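Student: Could you take me through one part of this model up close? I'd like the open sheet, with its strands and whatever packs on them, plus a feel for how far to trust the coordinates.

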Amino acid sequence: MTEAASRASTGILGLDHILGGGFTPHRLYLIEGMPGSGKTTLAFQFLLEGVRRGERVLYVTLSETEEEIRAVAASHGWSLDDVMIRELVPAENSLESNQQYTVFHPSEVELTETTRKILAEVDERRPARIVFDSLSELRLLAGNPLRYRRQILALKQFFGGRRCTVLMLDDLTSAEHDLQVQSIAHGAIMLEHATPHFGTQRRRLSITKFRGSAFRGGYHDYIIRRGGLEVFPRLVAAEHRQAPTREQMSSGVNELDALLGGGVERGTSTLIVGAAGSGKSTITALFCANACARGHHATMFIFDESANTLFSRMAGLRVDLQKHVDSGRLTVREIDPAELSPGEFTHAIRVAVEERKSAIVVIDSLNGYLNSMPDEKFLVVQLHELLTYLGQQGVATLLVAAQHGMISSHMSAPVDASYLADCVLLLRYFEAEGEVRQAVSVIKKRGGEHERSIREFRMAGGRISVGQPLRDYRGVFSGVPEKRPST
């Protein structure tokens with residue numbers, strides 16, 4: 001039996017991947033997180049996975065009633081018919097005066113009674129998986145750190161002899177972060193959530209500790225939706241190396257392909273830079289449409305434009321993207337940066353590459369991708385890892401970056417990704433003979449020849465055209481070129 005097969009699956013595919021297959025069975029684990037971070041949801045997915053495997057499971061609640069717990073499960077569409085729920089909430093009559101202790105401190109009586117009930121329940125039911133929700137109640141009952149630690153140690157030894165895999169939930173509501181259980185537990189998971197100034201909550205988890213087992217460190221984004229937690233493991237590009245392929249992908253416009261030395265190669269990234277409306281998205285759509293016509297799959301992630309607008313605009317240029325969507329060759333996904341975390345976006349790209357076998361992936365634009373990041377300083381690092389992964393998967397990646405300004409030699413992009421890309425295609429507006437025109441040129445291409453001329457780029461008359469090199473002008477990229485005197 002492999003190590004992964006011998007693990008106790010969490011019921012969450014991404015978390016199992018991070019843990020190397022799941023929890024080591026018959027051990028005690030700590031799940032930490034502030035209220036609302038998803039601890040109870042994770043715990044139920046763990047228990048329901050045990051039910052699916054034919055195991056007995058037990059949920060011990062020290063703070064919520066069984067009615068509240070079943071309501072939470074119903075909100076996810078779960079049935080708890082096969083989950084044993086043991087409610088150890090103080091009885092209503094405990095508030096009556098004749099129930100107050102006068103000789104012993106309440107913690108001495110209540111903690112002992114609570115522990116006794118737990119042990120009796122485990123001995124009677126013999127569950128393989130147990131969840132305690134939450135440790136805050138045991139900590140309060142203990143009264144002091146020494147008694148609390150001794151109780152947790154005693155519970156650990158008790159469960160260890162009965163071959164139980166135990167999750168203890170801690171909502172971190174004490175004044176100080178208590179490391180008592182973390183030091184005792186075999187492993188610990190920290191769940192975090194934060195609310196940005198705009199957009200939905202951002203959630204991430206990390207493995208604080210996992211004795212005797214390798215795991216994927218760092219932070220991993222996750223979301224809570226109906227059906228439970230979905231975890232997106234942090235991408236490590238080095239784990240996805242494949243045999244390289246250098247197949248060229250054509251745009252279908254001969255002059256544009258000539259500029260690029262024949263087209264863009266699979267396994268490389270191309271950055272298309274230019275002002276708004278200069279034709280960046282149009283060029284990416286050309287490559288996708290031509291790839292689909294040749295039997296490949298392509299995926300476009302668009303941040304700044306709706307799919308309907310893109311389809312109608314391209315139809316006006318005689319490029320039928322809707323046809324390829326209907327055939328299943330093209331996937332166009334609109335991305336709302338306020339609602340999508342970077343980890344979820346990376347997961348969506350992996351699905352496109354590994355499940356749909358996309359030969360081309362478009363990210364339009366980096367400006368939108370930047371807005372999806374909680375902190376700009378991490379953008380280039382994550383983008384580098386993503387481009388490395390796509391390159392190793394043999395994908396032709398097209399990145400769009402909109403520059404600030406319209407006509408100037410000093411335009412700038414919100415993030416400089418030019419050094420990460422294998423090829424840089426520059427689009428600029430320029431003024432000539434009383435008209436505003438567009439120019440295109442390849443500034444950089446690693447590992448291959450490319451044309452170094454500047455050509456005129458037109459989107460007019462229901463067609464896309466790339467003209468001859470602009471040899472009669474100098475200073476085209478300044479926006480106001482000079483016409484060379486005729487000789």
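Tutor: Quick bit of vocabulary before we dig in: pLDDT is the predictor's confidence in each residue, on a scale from 0 to 100. This is a predicted model, and its chain averages a pLDDT of 85, with 89% of the residues scoring at least 70. By element, strand β13 (residues 297-302) has the highest mean, 97, while helix α4 (residues 106-125) has the lowest, 68. Watch residues 90-110 too: the pLDDT there is below 50, though the stretch still has 16 contacts in the model beyond near neighbours in sequence. Where pLDDT is low, don't read the predicted coordinates in detail.

Now the sheet. It's open, has 9 strands with mixed pairing, and reads β3-β2-β4-β5-β1-β6-β7-β8-β9 across. The edges belong to β3 (84-87) and β9 (228-232); each has a single partner strand, so one side of each has no neighbour in the sheet. On average, neighbouring strands are turned by 25 degrees against each other, ignoring direction.

Zoom in on β1 (residues 28-33), which sits between β5 and β6 in that order. With β5 (residues 165-170), β1 pairs in the parallel sense over 5 bridges, and Leu-28 stands opposite Val-166 in β5.

As for helices, α6 (residues 145-160) lies across β1, β4 (129-133) and β5, and runs at about 155 degrees to β5. Over at the β3 edge, helix α3 (residues 66-75) lies across β2 (57-61) and β3, at about 140 degrees to β3.

Note on methods. Residues numbered from 1 in each chain as written. Predicted model: local features only at pLDDT ≥ 70, side-chain atom pairs only at ≥ 80, totals over all residues. Heavy atoms only, no water. Pairing = 2+ DSSP bridges. Helix = DSSP H or I, 4+ residues; strand = E, 2+ residues; numbered from the N terminus. Axes fitted to C-alpha atoms, helices over the stretch in contact; angles between N-to-C directions. Contact = heavy atoms within 4.5 Å.
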